[in-house]
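Reader: I am a first-year student, and I should be grateful for a close look at the empty spaces inside this protein. Please explain what lines them.

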Amino acid sequence: MLSSSPEPVEWLISDRLIPYTEAMVFMENRIAAIAEGKARECVWLLEHPPLYTAGTSANPADLVASDRFDVFATGRGGQYTYHGPGQRVAYVMLDLKRRKQDVRLFVQCLESWIINTLAEHNITGERRKDRVGVWVSRPEKGAGVEDKIAAIGIRVRKWVTFHGISLNIEPDLEHYSGIVPCGIAQHGVTSFVDLGYPIAMSDVDMTLRSAFEPLFGPTA
């Protein structure tokens, strides 16, 4: 557990598709206020319109279809990723000064959050030492085959975290063909629906919240 903050984390859910630039402005303003002690920590659940983002380690050669969707350079770690309808994005804005100033532990807790959420819906998510994110084994596709179901990309400023995770519920997986997701060509991507677990986004949201609190503390 990443130690609780003295007050509950604000839990926000948006029902509409949020433009990427709007989300970035919100996060920049919010993390500045958190760092100054003027705002509560926050988790924001949302969906974006179809788009690609490039992390700080992105290789231009991994952008296969540069004119397919809008592409946004972003300060988070990682490479290229896709966001779009049917994917639950969770932007996590926590003050590690109030908790524990350990970025590695924070990332491990994000992974545990995703894995515990998946487990509640009978999906086995796994870590990989050489790859960021959460993975699902696909023996029905062949020996050693595995697909990524959730991505993690964070940034930390003045010990306040932002960006976060994305979990595939029912996105159009073909949209990933315009990039090499996270720079990993030898493995694929999957989702709840692709794995045979159709589920409402609202049900996943409830599980995300219940799985968050044992790791990060109460929400409000």
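Author: A pocket, as the term is used here, is an open set of grid points with protein on both sides within 12 Å along at least five of seven lines, whereas a cavity is a set of points where a 1.4 Å probe fits but cannot get out. The model under discussion is a predicted one.

With that meaning in hand, one may turn to the largest pocket, whose volume is about 240 Å³. Its lining comprises 21 residues, and those closest to the centre of the pocket are Arg-76, Gly-77, Ala-151, Ile-152 and Gly-153. Four strands, β5, β6 (87–93), β9 and β10, each contribute at least two residues to this lining. Sorted by class, the lining of the largest pocket consists of ten nonpolar, nine polar and two charged residues.

The enclosed spaces come next. Searching the whole structure yields two cavities of 30 Å³ or more. The largest cavity holds about 70 Å³ of space. Its walls are formed by Thr-81, Gln-87, Lys-148, Ile-149, Ala-150, Ala-151, Ser-166, Asn-168, Tyr-176, Pro-181, Cys-182 and Val-189. Strands β9 (146–157) and β10 (160–168) each provide at least two residues of that lining, and β9 makes the greatest contribution, with four residues. In terms of class, seven residues of the lining of the largest cavity are nonpolar, four are polar and one is charged. Ala-151 therefore deserves attention: this residue lines the largest cavity and is also among the residues closest to the centre of the largest pocket. The second largest cavity has a volume of about 30 Å³. Trp-135, Lys-148, Pro-181, Ile-184, His-187, Gly-188 and Val-189 make up its lining, which divides into four nonpolar residues, two polar residues and one charged residue. Lys-148, Pro-181 and Val-189 line both the largest cavity and the second largest cavity.

Strand β5 (residues 80–83) offers a final point of interest. Thr-81, which lines the largest cavity, belongs to this strand, where Thr-81 and His-83 lie on one side and Tyr-80 and Tyr-82 on the other. These four residues are all buried, and both faces of β5 are thus covered. Strand β3 (residues 51–54) pairs with β5 in the antiparallel sense, over four bridges. Within this pairing, Tyr-52 is found opposite Tyr-82 of β5. Strand β5 also supplies at least two residues to the lining of the largest pocket.

Definitions and conventions: Residues numbered from 1 in each chain as written. Predicted model: local features only at pLDDT ≥ 70, side-chain atom pairs only at ≥ 80, totals over all residues. Heavy atoms only, no water. 1 Å grid on protein atoms, 1.4 Å probe; cavity = no way out; pocket = protein on both sides within 12 Å on 5 of 7 lines; lining within 4 Å. Points joined across faces, edges and corners; volume = space filled by probe spheres on them. Nonpolar A, V, L, I, M, F, W, Y, C, P; charged D, E, K, R; others polar. Buried < 20%, exposed > 50% of the residue type's maximum accessible area, 1.4 Å probe, protein only. Pairing = 2+ DSSP bridges.
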